[in-house]
Amino acid sequence: MGTGKRGLIAMAVTVVCAVTVLASPGTAFANAGRTPSPSSSPSPDPSGSATPAPSKDLEAIREKLDQLYHDAAVATDAYNAAEEKAKQQSAAIVDLAQKIVKGQQKLDELKRRAGAAAAAQYRTGGLPDEAQLLLSDNPQQFLDGAGRVLEGERATKGLIVEMARTQQDLKQYAADAADQWNKLEAGRKAKDAARKKIKQQIAAAEKLESRLEKKEKERLAELDQEAALQAQTAWLDSGILDEINGKASELGKKAVAYATAQIGKPYEWGAEGPETYDCSGLTSQAWAAAGHAIPRTSQEQWKQLQHVDIKDMRPGDLIIYFDDASHVGMYIGDGAIVHAPRPGRTVTITGAGSMPILGVVRPDA
């Protein structure tokens, strides 16, 4: 086996093995999608109880929590995007590795055929054509054989051209595999950075909440509900619901049925079900269950799916929230959405206008 062949085969095997390792549950990706525990526990005061926050500060705390969970949602979208790219790049590397193996097999066969042709020509090429013709007992047979030799020479030239082309293909496959590998490594680093930020933001939020007394937590929950109700009321007061009368498509009905069947299941960043979900995990899986694949993240859903006017939306459409498209819910009709809100919450129904709406997209346009 030649050095070139050994190198290409080794690269192919290494690539396949590396992809397999990256996909293994025992790698650094093993904890993907698991909600981390707080990095620290609340600090008690000298009396042994948590220091309560003054009531006047609860609104500021609510706003701070919203920001922390929003930042965690942004990082979750980045994590999910990196995970999707990793899947695609891993598949591309495996495909290229298979092409390298097949290309090497093809090159070996071409070399064998070219060698056989060269040996045959050598055996018949000891004398000039004129001498072979004069010495031949059957001149016609010689002429027929000479014609076949010419055909053989042309075929051999074709084999040489094909070998050069195959060698070039192998070189390109190797370069492409190396490029995909570098992208995969960059994606791994991006994914690790996003995971770290998610854990930090959630831990900070949980630490902040843990410092509150029971009554303060109850009041904080009331403030959350009041803010959502106020936003929803303002949205409804605009009269928008009078204009929304779209009917769900058949696929939309299936997507809504799937999403609403998940009500009560916990939020978990990076999760796509069936027991836990993040916001875009819920919407992407709902539409997958309906038989129509859509992008995994809320940002890609906003970028890639068709935009529709709010007044034209129908059940099954996705409402994208916040200027950075960091949250998504599924419209189910009557001014409501089903969504996976944030860590510590469960899949639930809420007002479609309870958060700042960026726009609406339709998966099955």
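Start by selecting α2, the helix that gives the most to the lining of the largest cavity, with 4 residues. Keep in mind that you're looking at a predicted model.

Now add α8 (279-289) to the selection next to α2 (58-124): these are the elements that give two or more residues each to that lining.

Next, show side chains for the whole lining. You want A73, T76, D77, N80, Y267, D278, C279, S280, S326 and H327. Try coloring them by class: the lining has 3 nonpolar, 5 polar and 2 charged residues.

How many cavities of 30 Å³ or more does the structure hold? Just 1 cavity reaches that cut-off. Its volume comes out at about 40 Å³, so to speak your one stop of this kind on the tour.

Time to switch to coloring by confidence. The protein has a mean pLDDT of 78, with 73% of its residues at 70 or more. Where is confidence lowest, and where is it highest? Select residues 3-23 for the low end: helix α1 has a mean of 40. Then jump to residues 318-321, strand β2, where the mean hits its high at 98.

Widen the α1 selection to residues 1-50. pLDDT stays under 50 over that whole stretch, and the model has 61 contacts for it beyond four places in sequence. Treat the placement you see there with that score in view.

Last stop: residues 129-135. This is another run where pLDDT stays under 50, and here the model has 9 contacts beyond four places in sequence.

Technical notes: Residues are numbered from 1 along each chain as its sequence is written. This is a predicted model: local features need pLDDT of at least 70, side-chain atom pairs count only at pLDDT 80 or more; totals for chains, interfaces and linings use all residues. Side-chain values use heavy atoms; hydrogens and water are left out. pLDDT is the predictor's confidence in each residue, from 0 to 100. Contact means heavy atoms within 4.5 Å. On a 1 Å grid over the protein atoms alone, a cavity is a set of points where a 1.4 Å probe fits but cannot get out, and a pocket is an open set with protein on both sides within 12 Å along at least five of seven lines; lining residues have an atom within 4 Å of a point. Grid points are joined across faces, edges and corners, and a volume is the space filled by probe spheres set on the points. Ala, Val, Leu, Ile, Met, Phe, Trp, Tyr, Cys and Pro count as nonpolar, Asp, Glu, Lys and Arg as charged, and the others, Gly among them, as polar.
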